[in-house]
There are 2 protein chains.
Amino acid sequence: MPRTHLISMKKKSNVTIHDLARQLGVSSSTVSRALKSHHSIGEETTKAVKQLAAELGYRPNNLAVSLRKQHSTSIGVIVPHINRPFISSLVSGMEQAAREAGYNVLISQSYESYDIEIGNASAFFNSRICGLLVSCANETTQYAHIQQFKDSGIPVVFVDRIPENDECYKVMIDNREATFKATEHLIQQGCRRIAHYGGPPQQLMYHLRRQGYIDALAKYGLPFDENLLLTATKLTPEEGFVLAEKALSLPNPPDGILAVNDNTAVSTILYAKSKGIRIPQDLAIIGFNDDPVCTIIEPNLSSLHQPGAEMGKMAVSHLFKILDNEIVDVPRTTILSTHVVQRESSLRI
Amino acid sequence: MPRTHLISMKKKSNVTIHDLARQLGVSSSTVSRALKSHHSIGEETTKAVKQLAAELGYRPNNLAVSLRKQHSTSIGVIVPHINRPFISSLVSGMEQAAREAGYNVLISQSYESYDIEIGNASAFFNSRICGLLVSCANETTQYAHIQQFKDSGIPVVFVDRIPENDECYKVMIDNREATFKATEHLIQQGCRRIAHYGGPPQQLMYHLRRQGYIDALAKYGLPFDENLLLTATKLTPEEGFVLAEKALSLPNPPDGILAVNDNTAVSTILYAKSKGIRIPQDLAIIGFNDDPVCTIIEPNLSSLHQPGAEMGKMAVSHLFKILDNEIVDVPRTTILSTHVVQRESSLRI
DNA sequence: TTGTAGGCGTTATCAG
DNA sequence: CTGATAACGCCTACAA
């Protein structure tokens with residue numbers, strides 16, 4: 001009967017430091033210290049402990065460690081959708097940086113919904129994440145669900161979609177400058193009536209992009225025509241077709257389009273081509289994000305490149321610095337650089 | 001003096017059930033039970049507890065709950081790369097299903113590396129995930145790092161990239177059938193010399209896809225020409241160009257190409273067009289995955305559609321059933337259906 | 001209906 | 001150099 005017991009030596013992995021301690025005739029504190037090569041433990045003891053741990057397949061229980069240390073190693077990430085090129089690169093960068101440092105990444109999608117974002121934040125809080133990275137839902141205009149983290153000393157870094165608040169840590173691009181440069185590029189290519197597809201205006205990001213567009217027009221003395229300022233809410237390819245039709249059927253249609261993302265820009269190219277409008281001769285187009293699709297659509301789509309993976313890594317790096325109290329090294333706002341990638345869709349000269 | 005206490009009402013969120021208990025003059029077990037509306041607790045007590053909990057901003061500590069219950073609510077996910085259309089949809093589906101059930105999703109990327117996959121699995125194990133979803137790295141041919149979970153009673157579901165092992169839970173498509181259908185489609189469109197870009201052959205998935213291609217040729221009495229069977233390792237767009245050049249510069253070039261993914265198919269279209277090869281008249285092409293790019297490349301790329309998000313949801317659903325001991329409801333192998341999406345790149349009739 | 005006590009696995013403090 | 005003890009926050013027999 002004890003036989004069966006011994007035979008089932010299937011390395012059960014509930015081995016704890018106490019099991020090791022018992023078998024070695026030492027205390028569990030000694031085991032705990034030996035496992036992390038604490039200097040105060042004798043060489044032999046340490047070796048013996050580590051060897052037995054390996055033999056029995058001991059695995060530390062991070063749940064217990066985190067509870068005891070009052071500090072977990074899980075970073076929470078909230079994004080609107082994972083399956084979008086820019087965001088999946090962003091998340092990929094976060095995951096890479098976090099894992100290299102031995103941290104886990106908890107992921108969640110808000111689907112652009114404020115309520116879901118609140119729920120996700122709440123779940124993360126209860127899971128005692130050690131830090132939060134958020135790219136806000138378009139719906140989100142209040143931040144109480146984020147404030148709870150700060151109140152508990154859990155650092156938060158906003159990425160890309162950020163709130164209008166100077167107090168918080170942000171990693172982003174200069175959205176105004178980006179669309180300014182994009183608009184400027186179109187102007188330099190000879191466009192004089194440039195339309196802009198803007199995103200949901202309550203999102204600061206889209207507001208700034210609008211502003212860059214307007215500022216560029218002003219700088220070059222081009223009139224601002226309200227009819228040329230369209231607003232998108234979903235920013236899907238489908239919506240892109242609607243916008244394209246709207247813009248191109250104006251009595252006085254645009255000769256250039258600055259789209260707030262590549263989805264809508266691509267749809268516009270497809271729509272224009274189907275109507276016999278030549279790109280870029282009749283209509284120059286530039287998108288935003290520099291998604292992979294830019295080099296596949298014909299003509300290739302000019303776009304504003306923003307470094308997704310780098311933004312993710314940077315956000316994680318900032319998070320770690322804040323956790324390590326090297327706050328002085330972390331600027332409230334980090335601006336990553338963007339650049340216009342000039343491709344056929346906008347090159348008229 | 002108690003005043004100051006009351007005034008500093010900055011809801012510090014380290015409130016525990018003991019704090020609530022103390023303030024209400026009850027025991028912490030009562031609080032614990034009241035919070036989950038245990039029937040044995042008086043209505044008034046329950047109400048009082050919940051109200052105070054809300055006032056003080058009490059938040060349950062999942063770390064402690066999991067430790068105590070010996071069961072966490074975190075699902076680990078290992079995929080090769082997040083930022084690929086199919087995989088990000090897969091992960092998105094997983095996240096959605098998991099979160100709806102109140103579970104967290106821990107994500108990690110293997111970058112197709114066996115060693116990194118092992119490291120990720122190890123980290124997850126230490127974090128005491130309650131279940132694992134894996135889509136294996138191409139390098140992976142051994143599964144000891146996965147076995148540890150099974151040995152500890154932690155369910156594992158393989159998704160898409162699965163091992164050659166009947167014992168494990170798998171959610172996948174019928175890869176052989178998929179490429180069989182795709183090849184058949186090309187044959188029905190009049191192709192007689194069909195080339196195939198295969199993936200790393202050690203991955204069962206790619207082996208099966210090769211087999212479907214070969215079987216279809218056989219069924220229709222077409223000769224199998226080794227020169228038409230190319231092998232890709234990275235499956236990147238860049239590699240697609242190399243493969244395209246290799247295939248199209250053969251002495252007797254193919255009139256149809258079955259690519260193992262859309263990346264390489266798209267590159268082939270671009271390459272062929274640059275060489276004046278007409279698609280689909282001179283060369284019919286079909287890809288695999290049905291990435292968004294298929295409807296943007298011109299001509300639109302035919303492809304094999306596989307339901308990414310559904311696979312992810314299904315995997316999570318299976319995991320939950322296994323956790324709930326409803327094992328009888330979970331088939332070892334779940335095959336999701338695929339279909340050929342016929343587009344211009346292959347329609348010659 | 002409520003309270004007591006013990007423990008989940010680990011680490012930190014203090015003592016030897 | 002090592003050990004005993006007490007937490008971390010929660011849950012759950014068992015008692016009352």
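Which residue of chain B comes closest to the rotation axis? I started there, keeping in mind that this is a predicted model.

**Symmetry.** I superposed chain B on chain A: a rotation of 180° with 0.1 Å of shift along its axis does it, at an RMSD of 0.1 Å. That is the relation of a two-fold axis. B:Leu106 is the residue of chain B closest to this axis, with its C-alpha at 2.3 Å.

**Strand pairing.** I then looked at strand S2, residues 104–109 of chain A. S2(A) and S2(B) run antiparallel and are joined by 3 bridges. I found A:Val105 opposite B:Ile107 of S2(B).

**Chain contacts.** I checked the A–B interface next. 41 residues of chain B contact 41 residues of chain A. On the chain B side, H5, H6 (85–100), S2 (104–109), H7 (114–126) and H8 (144–151) each supply at least two residues. H6(B) gives the largest share, 7 residues. By class, this side of chain B has 15 nonpolar, 18 polar and 8 charged residues. In chain A, 100% of the interface residues of chain B are interface residues too, so the copies meet through the same surface.

**DNA strand C.** Last, I went to the DNA. I noted 25 residues around strand C, and A:Thr16, A:Ala64, B:Ser29, B:Thr30 and B:Gly42 come nearest. Both chains take part: H2 (17–24), H3 (28–35) and H5 (62–69) of chain A, and H3 (28–35) and H5 (62–69) of chain B, each supply at least two residues. H5(A) supplies the largest share of this surface, 5 residues. I sorted the surface near strand C by class: 8 nonpolar, 14 polar and 3 charged.

Technical notes. Residues are numbered from 1 along each chain as its sequence is written. Chains are lettered from A and ligands numbered from 1 in the order in which they are written. This is a predicted model: local features need pLDDT of at least 70, side-chain atom pairs count only at pLDDT 80 or more; totals for chains, interfaces and linings use all residues. Copies are superposed by least squares on the C-alpha atoms of residues with pLDDT of at least 70 in both. Two residues are in contact if their C-beta atoms, placed from the backbone, lie within 7 Å. A residue is near a molecule or strand if its C-beta atom, placed from the backbone, lies within 6 Å of it. Helices (H or I, at least four residues) and strands (E, at least two) are DSSP runs, numbered from the N terminus. Ala, Val, Leu, Ile, Met, Phe, Trp, Tyr, Cys and Pro count as nonpolar, Asp, Glu, Lys and Arg as charged, and the others, Gly among them, as polar. Two strands pair if DSSP finds at least two bridges between them.
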